[in-house]
Amino acid sequence: MNKELEKLISLHDLDVMISDLANKDISKQEKKLGLSPDSAANELQKMRDELASTIVRKNRDLYEQLAGHYGNAVVPVVNHRCSGCFTQLPTAFFTSQDKNDLVETCPSCGRFIYWCD
Ligand SMILES: [Zn+2]
């Protein structure tokens with residue numbers, strides 16, 4: 001898989017974890033387990049910043065823009081559809097040999113897309 005795409009997916013995963021931690025119910029559960037959600041959040045935020053700094057500026061800016069607009073900037077392709085906006089993707093995307101070798105975006109909503117298989 002394209003390294004840049006891998007980083008964008010990891011960045012998305014980190015953002016999901018960070019926002020889960022910000023969710024009060026989860027924080028309460030973690031406190032019960034003896035974990036400190038604040039330090040975990042700081043740790044994740046640090047990892048996120050480090051990762052973000054290694055991503056090409058153009059993609060990082062687009063990521064932030066999409067995340068701000070939709071909440072999720074990177075989505076998998078499911079049944080030939082973008083799982084962000086559920087638009088059927090053009091056949092050219094499926095006949096191409098280099099799935100996941102390029103950073104692709106959905107032609108409809110503009111989110112970063114990747115293939116799971
Ligand atoms: Zn889309």
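The legends below describe close-up views of a predicted model.

**View 1. The whole chain, with five helices and four strands.**
Along the sequence, the elements of the protein follow the pattern α-α-α-α-β-β-α-β-β. The C-alpha atoms fit a box of roughly 50 × 25 × 25 Å along the principal axes. Of the 117 residues in the protein, 16% are buried. Among contacts between residues at least 6 apart in sequence, 60% join residues at least 24 apart.

**View 2. Confidence of the prediction along the chain.**
The average pLDDT of the protein is 89, and 95% of the residues score at least 70. Where is confidence lowest, and where is it highest? The lowest mean, 71, belongs to helix α2 (residues 24-32), and the highest, 96, belongs to α4.

**View 3. The open sheet of four strands.**
The strands of this sheet are arranged in the order β2-β1-β4-β3, and their pairing is mixed. Strands β2 (81-82) and β3 (104-105) form the edges, each pairing on one side only. Strands of a sheet pair through backbone hydrogen bonds, in either a parallel or an antiparallel sense. Both senses can be followed in the next two views.

**View 4. The parallel pairing of β1 with β4.**
Four bridges join strand β1 (residues 74-78) to strand β4 (residues 112-115) in the parallel sense. Which residue of β4 is the bridge partner of V75? The partner of V75 is I113. P76 stands opposite Y114 in β4.

**View 5. The hairpin formed by β3 and β4.**
Strands β3 and β4 run antiparallel and are joined by two bridges. On β4, F112 is the residue opposite T105. Six residues lie between the two strands of the hairpin, and G110 in the turn has a positive phi of about 85°.

**View 6. The loop between β1 and β2, with N79 and H80.**
N79 lies in this loop between β1 and β2 and, although it is not a glycine, has a positive phi of about 50°. H80 has its place in the loop between β1 and β2 as well; the phi of H80 is near 65°, a positive value in a residue other than glycine. Are these two residues buried or exposed? N79 counts as exposed because it has 7 C-beta neighbours inside 10 Å. H80 also counts as exposed, because its C-beta neighbours inside 10 Å number 12, and a residue with 12 or fewer falls in that class.

**View 7. Helix α1 and its buried residues.**
Helix α1 (residues 3-22) contains 20 residues. From its first C-alpha to its last, α1 reaches 29 Å, close to the 28 Å expected at 1.5 Å a residue. The buried residues of α1 are L5, L8, L11, H12 and L21.

**View 8. M47 of helix α3 beside L11.**
M47 lies in helix α3 (residues 37-53). Its C-alpha atom is separated by 9.0 Å from that of L11, although the two residues are 36 residues apart along the chain. M47 counts as partly exposed because 15 C-beta neighbours lie inside 10 Å; the limit for a buried residue is 20 or more.

**View 9. Helix α4 and the residue that follows it.**
Helix α4 has 14 residues and spans 20 Å from its first C-alpha to its last, close to the 20 Å expected at 1.5 Å a residue. Just after α4, G71 takes a positive phi of about 95°.

**View 10. The largest nonpolar core, with 14 residues.**
In soluble globular proteins, nonpolar side chains tend to be buried together. Which residues have the most contacts inside the largest nonpolar core? They are L8, Y63, A73, V74, C82, F112 and I113. At least two residues of this core come from each of α1, α4 (57-70), β1 and β4. Leaving aside neighbours within four places in sequence, Y63 is in contact with L8, L11 and A73.

Conventions:
Residues numbered from 1 in each chain as written. Predicted model: local features only at pLDDT ≥ 70, side-chain atom pairs only at ≥ 80, totals over all residues. Pairing = 2+ DSSP bridges. Expected span 1.5 Å × (residues − 1). Contact = placed C-beta atoms within 7 Å. Core = buried A, V, L, I, M, F, W, Y, C linked by C-beta atoms within 7 Å. pLDDT = per-residue confidence, 0-100.
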